[in-house]
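I'm opening my notebook on a structure that is new to me. I'll jot down what I looked up, one entry at a time.

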Amino acid sequence: MVNKQKILIVDDDENIAELISLYLTKECFDTSIAYDGEAALTAFETYKPNLVLLDLMLPGIDGYQVCREIRSKSDTPVIMLSAKGEVFDKVLGLEMGADDYIMKPFDSKEMVARVKAVLRRYHPSPKTQEPAADKSKQVEYPGITINLTNYSVVVDGQSVEMPPKELELLYFLAASPNQVFTREQLLDQIWGYEYIGDTRTVDVHIKRLREKIKDHDSWKLATVWGIGYKFEVK
């Protein structure tokens with residue numbers, strides 16, 4: 001029997017939390033609810049979820065801090081929730097390590113679709129874990145190997161951990177060396193239509209990639225001023 005994937009729901013509104021749990025349970029997910037930031041961090045350790053749905057405005061420890069704490073010790077995907085009208089800096093949320101965000105009130109089908117999409121990126125299907133990796137989804141340059149099949153990046157023989165979106169962005173650029181992509185093109189390819197117009201999302205992820213992967217003698221993540229980015233190969 002396949003184990004159900006576990007979703008930790010963190011929201012101080014009991015009605016909303018129960019409603020989200022109901023929607024996800026119908027889709028065969030296992031759920032647990034925490035109503036404040038401190039309880040969320042405790043539940044994260046004991047429940048060990050596959051994904052966290054995290055409300056921004058929480059009593060005590062807020063959603064930003066909870067996300068920061070989770071990200072300091074785990075790459076478990078986090079989707080932030082925020083009510084319309086609340087002050088919500090999407091870039092700050094991404095910098096804290098969130099993988100996606102949903103504005104309330106949200107459509108139940110969209111919420112479930114977002115959860116499934118993030119989990120699909122983060123947990124490759126079992127067949128992709130076989131030793132015979134699909135070389136067509138792997139790019140290699142001196143000192144770096146980026147494998148989209150098993151979502152791994154190896155730099156100078158060392159594995160580099162990164163969230164799915166960062167890896168997908170790196171792979172997309174590296175798969176087309178020296179080709180310049182606008183921020184809008186990268187948004188469309190990596191994030192999809194709902195992010196169109198929010199080009200800072202790309203900048204944040206490039207910044208995070210550069211913190212983890214330093215320029216190499218043979219290649220680098222290059223900024224093309226006024227246009228976008230490219231994976232420059234010398």
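**Entry 1: strand β4 and its partners**

I began with β4 and strand β5 (residues 100-104), which pair in the parallel sense over five bridges. A reminder to myself: this is a predicted model. For a single position, I checked Ile79 and found it opposite Asp100 in β5.

Next I asked what β4 pairs with besides β5, and I came to strand β3 (residues 51-55), which runs parallel to β4 and is joined to it by four bridges. Here I noted Leu54, whose bridge partner in β4 is Met80. I then followed the chain from β3 to β4: it passes through helix α3 (residues 63-73), and this β-α-β crossover is right-handed.

Is β4 (residues 78-83) mostly covered or mostly open? Mostly covered, I found, with five of its six residues buried.

**Entry 2: Leu119**

I picked Leu119 and located it in helix α5 (residues 108-122). Buried or exposed? Its relative accessibility is 3%, and buried means under 20%, so I wrote it down as buried.

I then looked up what Leu119 touches beyond residues up to four places away in sequence: Gln5, Ile7, Phe29, Asn50 and Leu51. I also checked Leu119 against Pro77, which is 42 residues away along the chain; their C-alpha atoms are separated by 7.6 Å.

**Entry 3: nonpolar cores**

How many residues does the largest nonpolar core have? I read off 28, and those with the most contacts inside it are Ile144, Ile146, Val153 and Leu170. The elements giving two or more residues to this core include β6 (138-141), β7 (144-147), β8 (152-155) and β11 (219-224), along with helices α6, α7 and α8. Helix α6 gives the largest share, six residues.

I took a closer look at Ile144. Setting aside neighbours within four places in sequence, I found Ile144 in contact with Val139, Val153, Val154, Val155, Leu170, Ile213 and Trp219.

There is also a second, separate core of 21 residues, and Met80 turned up in it, as did Ala34, Ala40 and Phe44. I had already met Met80 as the bridge partner of Leu54.

**Entry 4: aromatic rings**

I searched the whole structure for aromatic pairs and got three. One of them is Tyr141 with Phe231, a tilted pair at 5.0 Å centre to centre with 35 degrees between the planes. Tyr141 lies in strand β6 and Phe231 in strand β12, so this pair ties together parts that are 90 residues apart in sequence.

Then I checked Trp219 with Phe231. Their ring centres are 5.5 Å apart and the planes meet at 20 degrees, so I logged the pair as stacked. Trp219 is in strand β11 and Phe231 in strand β12, 12 residues apart.

Which residues do the ring pairs link into a cluster? I listed Tyr141, Trp219 and Phe231. For burial, Trp219 has a relative accessible area of 2% and Phe231 has 1%; Tyr141 is buried as well.

**Entry 5: helix α7**

I listed the buried residues of helix α7 (residues 183-191): Arg183, Leu186, Leu187, Ile190 and Trp191. Why do I say they line one face? Looking down the axis of α7, I see its buried residues fall within an arc of 105 degrees, so they sit on one face of the helix. What they pack against is α6 (164-174), β10 (181-182), α8 (200-212) and β12 (228-233).

**Entry 6: Glu166**

Since α6 kept coming up, I looked up Glu166, which is found in that helix. Glu166 counts as buried, at 1% relative accessibility. Apart from neighbours within four places in sequence, Glu166 is in contact with His205, Arg208, Leu209 and Lys212.

**Entry 7: a sheet of three strands**

Last, I traced an open sheet of three strands, with the order β10-β12-β11 and antiparallel pairing. Which are the edge strands? They are β10 and β11, and each pairs on one side only. I counted two bridges between β10 and β12, in the antiparallel sense. For one position here, I noted that Thr182 has Gly228 in β12 as its bridge partner.

Conventions
Residues numbered from 1 in each chain as written. Predicted model: local features only at pLDDT ≥ 70, side-chain atom pairs only at ≥ 80, totals over all residues. Heavy atoms only, no water. Buried < 20%, exposed > 50% of the residue type's maximum accessible area, 1.4 Å probe, protein only. Pairing = 2+ DSSP bridges. Right-handed = clockwise from strand over helix to strand, strands pointing away. Arc of directions from axis to C-beta. Contact = heavy atoms within 4.5 Å. Core = buried A, V, L, I, M, F, W, Y, C linked by side-chain atoms within 4.5 Å. Phe/Tyr/Trp six-rings, centres within 6.5 Å; stacked < 30°, edge-to-face > 60°.
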